Amino acid sequence: MYLNSGVSSGRKDFCHFPQRYIRPPFLQKLLDAKARNHEDLKFSYIVFRRGIDERKNFSDLLLGDTATSQSFQGYEFHDIPESHQNEDYVKTNVKFNTLSLPRVILSPLKRHGHVTLDLCTPSGQIERWTIPKSFSKVAYRDARKSKWGDLWALGAKTRVFKNLKLGNPIDAKYPKFEKNLKNKVNKIRYRFRPGWLQAF
């Protein structure tokens, strides 16, 4: 998602959630706080697993935009186990795999008659999918029960790309930012120059 390496200007959107912690007594005294003994911090983490990339073990694994488009259509009627197949089931070539599914990155927005999910898709984009009750009763029910971090395999009716604040790289393409940075540095140097107290 973040294609620009190094330092960048501007506020960035990133996956996080607030974590509340209780201040210890010594921190309360240090901050001279008397009423509130807790703080909310933005907490984020990443999990790594040592081993072999499982995507290499599947030759027919969908990745990128094809995986996103298939996930948008949904796997509700594809690759169903034989124990759950009925007389109307039509066999397709689409294979279900959890490695090619989008993931819910925020809590679902539950409205009357539809649910909105913010998903991180296999193509590396953040999208907002809407699942109305008319689309599928099973998908609508599961969307209402879904939580942050779940995989989504039942598709949606509409999708909207979300514009994220990714920041701008600091290089020669952005002379205004460098100029503003130099002005700030010069102001600090002027303020703390030798003998600046004599001016008062």
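How many nonpolar, polar and charged residues does the lining of the largest pocket have? The lining has 18 nonpolar, 6 polar and 6 charged residues.

## Model and confidence

This is a predicted model. The mean pLDDT of the protein is 75. A pLDDT of 70 or more is reached by 68% of its residues. Over residues 196-200, the pLDDT is below 50. Beyond near neighbours in sequence, that stretch has 1 contact in the model.

## The largest pocket

The volume of the largest pocket is about 1,300 Å³. Its lining comprises 30 residues. Nearest the pocket centre lie I46, V47, R103, C120 and L151. C120 falls within strand 6, which spans 114-120.

## Helix 2

Helix 2 runs over residues 64-73. Its buried residues are A67, T68, Q70, S71 and F72. What covers them includes two strands. One is strand 7, at 126-132. The other is strand 8, at 158-161. Just after the helix comes G74, which takes a positive phi of about 100°.

## S71 in the helix

S71 is part of helix 2. Is S71 buried or exposed? S71 counts as buried because its relative accessibility is 0%, and the cut-off for buried is under 20%.

Within the helix, the S71 side chain reaches back to A67. The partner there is the backbone oxygen of A67, at 2.8 Å. Setting aside residues up to four places away in sequence, S71 touches S100, L101, P102, W129 and G155. W129 belongs to strand 7 (126-132), part of what covers the buried residues of helix 2.

## T121 in the loop

T121 sits in the loop between strand 6 (114-120) and strand 7. T121 has a relative accessible area of 4%, so this residue is buried. Its side chain makes a polar contact with the side chain of S123, at 3.0 Å.

Which residues does T121 contact, leaving aside its neighbours within four places in sequence? They are T68, P102, E127 and W129. T68 is one of the buried residues of helix 2. E127 and W129 fall within strand 7 (126-132).

## Where the two sites meet

S71 and T121 have contact partners in common. P102 touches S71, and P102 is also in contact with T121. W129 likewise touches S71 and is in contact with T121. Both S71 and T121 are buried. Helix 2 supplies S71, while T121 comes from the loop between strand 6 and strand 7.

Definitions and conventions. Residues are numbered from 1 along each chain as its sequence is written. This is a predicted model: local features need pLDDT of at least 70, side-chain atom pairs count only at pLDDT 80 or more; totals for chains, interfaces and linings use all residues. Side-chain values use heavy atoms; hydrogens and water are left out. Helices (H or I, at least four residues) and strands (E, at least two) are DSSP runs, numbered from the N terminus. Buried means under 20% relative accessible area, exposed over 50%, partly exposed in between (1.4 Å probe, protein chains only). A polar contact is a pair of N or O atoms within 3.5 Å; within protein, one must be able to donate a hydrogen and the other to accept it, and residues adjacent in sequence count only if both atoms are side-chain atoms. Contact means heavy atoms within 4.5 Å. On a 1 Å grid over the protein atoms alone, a cavity is a set of points where a 1.4 Å probe fits but cannot get out, and a pocket is an open set with protein on both sides within 12 Å along at least five of seven lines; lining residues have an atom within 4 Å of a point. Grid points are joined across faces, edges and corners, and a volume is the space filled by probe spheres set on the points. Ala, Val, Leu, Ile, Met, Phe, Trp, Tyr, Cys and Pro count as nonpolar, Asp, Glu, Lys and Arg as charged, and the others, Gly among them, as polar. pLDDT is the predictor's confidence in each residue, from 0 to 100.
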